[in-house]
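Trainee: Could you take me through the aromatic rings of this model, slowly and in one connected answer?

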Amino acid sequence: MVSALITLAAIAWFSQMVLGAWQIYRFNRAFDALCLKGRVGVGRSGGRFRPRVLVAIALDEQERVIDSFLMKGLTIFAKPKALPNIQGLSKQQLQSDVIFPNDQNCQNALLLALKLKQR
């Protein structure tokens, strides 16, 4: 019985590692695609028992959104999803409470993503 529990725990741990690496791979592919388009800002919010939210935006030289994505979820199955409703908006037009009216975590992540770090 004990060996079966240890085996089950080892399989769960290994599965977590593999699926976590798969999620990181998907994020890195989406992030690399954004970096090729322009300056990129990334914001993250959420907590241990709340869905984590990650927003990434790419801006051109005129400070307009070229592309963006959102990752949201509690599990490793969260994947990057495009945010077409902010495409083409200027940085000044991006109001987090208008774009995400009912989601405080998404609002915070967008605000953090808009604080682009200078080189």
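Mentor: What follows is a close look at the aromatic cluster. The model is predicted, and local features need pLDDT of at least 70, side-chain atom pairs count only at pLDDT 80 or more, while totals for chains, interfaces and linings use all residues. Residues are numbered from 1 along each chain as its sequence is written, and side-chain values use heavy atoms, with hydrogens and water left out.

Rings of Phe, Tyr and Trp (its six-membered ring) pair if their centres lie within 6.5 Å, and planes under 30 degrees apart count as stacked, over 60 as edge-to-face and the rest as tilted. By this rule there are two aromatic pairs. Phe27 and Phe31 are stacked, because their ring centres are 5.6 Å apart and their planes stand at 20°. Both residues belong to helix α1 (residues 2-35), where they are four residues apart, about one turn of the helix; helices (H or I, at least four residues) and strands (E, at least two) are DSSP runs, numbered from the N terminus. The rings of Phe27 and Phe69 have centres 5.9 Å apart and planes at 70°, so this pair is edge-to-face. Since Phe27 lies in helix α1 and Phe69 in strand β3 (residues 65-73), the pair ties together parts that are 42 residues apart in sequence.

Phe27, Phe31 and Phe69 thus form one aromatic cluster. As for accessibility, buried means under 20% relative accessible area, exposed over 50%, and partly exposed in between (1.4 Å probe, protein chains only). Phe69 counts as buried at 4% relative accessibility, whereas Phe31 counts as partly exposed at 23%.
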